[in-house]
Amino acid sequence: METKVLDIKGKEKGTCALPDSLFAVKANPTFLHEVITAFLANQRSGTADVKTRSEVSGTGKKPWKQKGTGRARQGSLRAVQFRHGGVAFGPTPHSYRQELPAAKRRTALAMALSTKLAEGNLVVLESLTFKEPKTKAFAEVLETLSAGRKPLVLDNFADANAALACRNVEGLTHMPTQDINAYVVLNSSKVILTKDAVEKLCETFAKEAK
């Protein structure tokens, strides 16, 4: 399929061919939910931890004698009912990781890109170059393209000024093409790619996407 190519001022500069294997794939909500849930689970550190009664500091001496005090029997001041005691049934470090086949991740990416293109929320730019690394200049480009509050810009960092200019733009996600995934695509308000990024995207994913 063909799509328009724009310059940074929003003017049409020709067309660009997009492979059907990446940009014309029907989305399956259940499939996307599975992949994105796994992606988000893999971002969790799983480091939450509490100390049990065997790990807290404190004496091991019996607080008072077993009988005759009128109080409940106790065996340790490190028990969970005492101040500074251990915690019962608290979290311990563990992995939340969910493994997914690479083919599933690529298919989900193709579905996400196809959805954005069908919605009119995917733009291909001729190039993304700036004379100076000015955040204001980058923000003006996003405004021209009606990028919304959470744009995603994909390029190969060919222009150092562009890479520097985008760093302070609020809500913007700017990443190399090879790091793209279905979650960041669907979580963006608009996907903006350079022609170089499209070529890299096709080279990396098009042949393998189903």
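Is the crossing of H2 and H3 left-handed or right-handed? I would like to come to that by way of the helices themselves, and I should say at the outset that what we have in front of us is a predicted model.

Let me start with helix H3, which covers residues 102-119. At 1.5 Å a residue, its 18 residues should span 26 Å, and because the C-alpha atoms at its two ends are in fact 26 Å apart in the model, the expected and the computed spans agree. A good part of this helix is buried, and the list of buried residues runs through Thr107, Ala108, Leu109, Ala110, Met111, Ala112, Leu113 and Ser114, and then takes in Lys116 and Leu117. Directly after H3 comes Gly120, which has a positive phi, near 80°.

Now to the partner, helix H2, which is made up of residues 29-42. In general, two packed helices are described by the angle between their axes and the distance between the axes. For H2 and H3, the axes come within 10 Å and cross at roughly 120°, and with that angle H2 is oblique to H3. As for the question I opened with, the crossing is left-handed.

If you look at which side chains and backbones are involved, Phe31, Leu32, Glu34 and Val35 on the H2 side meet Lys104, Thr107, Ala108 and Met111 on the H3 side. Sorted by character, the residues of this contact come out as 5 nonpolar, 1 polar and 2 charged. Of the H3 residues in the contact, Thr107, Ala108 and Met111 are also among those that are buried.

Let me turn to backbone angles, where the background is that most residues other than glycine have a negative phi. His84, however, has a positive phi, near 70°. This residue sits in the loop between H2 and H3, and with a relative accessible area of 59% it is exposed. A second case is Ser146, whose phi is likewise positive, near 50°, and which lies in the loop between helix H4, residues 135-144, and strand E4, residues 151-155. Ser146 counts as exposed because its relative accessibility is 53%, and the cut-off for exposed is over 50%.

Finally, a word on Asp20, which belongs to helix H1, residues 20-23, and which, at 46% relative accessibility, counts as partly exposed. Leaving aside residues up to four places away in sequence, Asp20 touches Met1 and Val25. The C-alpha atoms of Asp20 and Val198 are separated by 13 Å, although these two residues are 178 residues apart along the chain.

Note on methods
Residues numbered from 1 in each chain as written. Heavy atoms only, no water. Helix = DSSP H or I, 4+ residues; strand = E, 2+ residues; numbered from the N terminus. Expected span 1.5 Å × (residues − 1). Buried < 20%, exposed > 50% of the residue type's maximum accessible area, 1.4 Å probe, protein only. Axes fitted to C-alpha atoms, helices over the stretch in contact; angles between N-to-C directions. Parallel < 35°, antiparallel > 145°, perpendicular 65-115°, else oblique. Left-handed = near helix turned anticlockwise from the far one by under 90°. Contact = heavy atoms within 4.5 Å. Nonpolar A, V, L, I, M, F, W, Y, C, P; charged D, E, K, R; others polar.
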